[in-house]
Amino acid sequence: DKIPLDVAICDPHGKYLYVNPKAVKDPTLRSFLIGKTDFEYFEALGRDMSIPKVRKAKFELAKKLNGLVAWYDEIKDAQGKVHHILRNWYPVCDDKGKLKFMIGFGTDLTDQEVLRKDLLVQTELVKKYKKATEEGTILSITDARFISIFLCSTMTDMYKLLEMVHQHSC
């Protein structure tokens with residue numbers, strides 16, 4: 001239960017047999033999920049039904065390929081914050097090749113996605129600055145301040161991320 005990934009185990013029909021606390025934090029909701037499919041779970045929560053459709057398609061693909069299938073989910077939490085999750089299905093078969101169960105696991109890449117988007121913005125600003133310098137034009141005071149503030153906040157976030165990765169790898 002202390003694995004730092006979302007982990008779930010489903011039967012061959014996609015009904016949940018196990019879900020760890022990292023995947024579903026609320027113990028009541030986690031208990032409710034056992035024996036249900038993603039369709040039943042998302043319907044009960046009143047959430048976007050396109051997500052279970054994608055998950056089911058990936059589940060079926062992992063069964064067909066008898067191998068790991070990975071994809072990205074973008075999910076809004078109850079507060080409306082978008083989370084970027086790397087999801088995986090991994091089939092476990094018996095010695096005759098029949099599916100016994102499917103292991104689902106994932107990790108939240110939201111912080112990395114925010115940094116990636118910030119880096120894209122930073123890259124565009126640097127290009128704009130470089131072009132202005134080459135043309136001999138002047139950036140507006142607002143642009144110059146934004147670049148300075150942005151670079152400082154991005155570097156601070158990057159150092160925090162690197163520190164966090166270092167702590168977890170030691």
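These exercises, each with a worked solution, concern a predicted model.

**Exercise 1. Lay out the sheet**

Find which strands form the open sheet, and in what order.

*Solution.*
Step 1. Start with the hairpin. Strands β1 (residues 6–10) and β2 (residues 16–19) pair in the antiparallel sense, over three bridges. In this pair, C10 stands opposite Y16 in β2.
Step 2. Look at the turn. Five residues lie between β1 and β2. One of them, G14, has a positive phi of about 90°.
Step 3. Move to β4 (residues 82–93) and β5 (residues 99–108). They run antiparallel and are joined by nine bridges. Here V92 stands opposite F101 in β5.
Step 4. Assemble the order. The five strands run β2-β1-β5-β4-β3, with antiparallel pairing. The edges are β2 and β3 (69–76), since each pairs on one side only. Neighbouring strands are turned by 25° against each other on average, direction ignored.
Step 5. Add the helix. Helix α3 (residues 50–65) packs on this sheet and touches β1, β2, β3, β4 and β5. The direction of α3 makes about 170° with that of β3.

**Exercise 2. Find the buried side of α2**

Determine which residues of helix α2 are buried and what they pack against.

*Solution.*
Step 1. Take the helix, residues 38–45. Its buried residues are D38, Y41 and F42.
Step 2. Check their directions. The three cover an arc of only 90° around the axis, so they sit on the same side of α2. An α-helix has 3.6 residues a turn, so residues three or four places apart point the same way.
Step 3. List the partners. The buried residues of α2 pack against β2, α1 (27–33) and α3.
Step 4. Go past the end of the helix. Just after α2, G46 takes a positive phi of about 70°.

**Exercise 3. Place I51**

Decide whether I51 is buried or exposed, and name its contacts beyond four places in sequence.

*Solution.*
Step 1. Locate the residue. I51 is in helix α3.
Step 2. Apply the cut-off. Buried means under 20% relative accessible area. I51 has 11%, so it counts as buried.
Step 3. Read the contacts. Leaving aside neighbours within four places, I51 touches F42, D73, E74 and I75.
Step 4. Compare sequence with space. I51 and E74 are 23 residues apart in sequence, and their C-alpha atoms are 8.7 Å apart.

**Exercise 4. Sort the salt bridges**

The whole structure holds six salt bridges. Work out where R55–D38, K63–E60 and R87–D73 lie.

*Solution.*
Step 1. Take R55 and D38. Their closest N and O atoms are 3.2 Å apart. R55 lies in α3 and D38 in α2, so the pair ties together parts 17 residues apart in sequence. Both residues are buried.
Step 2. Take R87 and D73. Their closest N and O atoms are 3.1 Å apart. This pair links distant parts of the chain: R87 is in β4 and D73 in β3, 14 residues apart. R87 is buried at 14% relative accessibility, and D73 is buried at 4%.
Step 3. Take K63 and E60, which meet at 3.6 Å, N to O. They are three residues apart in α3, so about one helical turn separates them. K63 is partly exposed at 32%, and E60 is partly exposed at 31%.
Step 4. Connect the pairs. D6, D38, R55, D73 and R87 are linked in a network of salt bridges.

**Exercise 5. Check the cysteines**

State how many disulfides the whole structure has, and how accessible C10 and C93 are.

*Solution.*
Step 1. Search for disulfides. The count is zero.
Step 2. Read the accessibility. C10 has a relative accessible area of 1%, so it is buried. C93 has 26%, so it is partly exposed.

Definitions and conventions:
Residues numbered from 1 in each chain as written. Predicted model: local features only at pLDDT ≥ 70, side-chain atom pairs only at ≥ 80, totals over all residues. Heavy atoms only, no water. Pairing = 2+ DSSP bridges. Helix = DSSP H or I, 4+ residues; strand = E, 2+ residues; numbered from the N terminus. Axes fitted to C-alpha atoms, helices over the stretch in contact; angles between N-to-C directions. Contact = heavy atoms within 4.5 Å. Buried < 20%, exposed > 50% of the residue type's maximum accessible area, 1.4 Å probe, protein only. Arc of directions from axis to C-beta. Disulfide = S-S within 2.5 Å. Salt bridge = Lys/Arg side-chain N within 4 Å of Asp/Glu carboxyl O.
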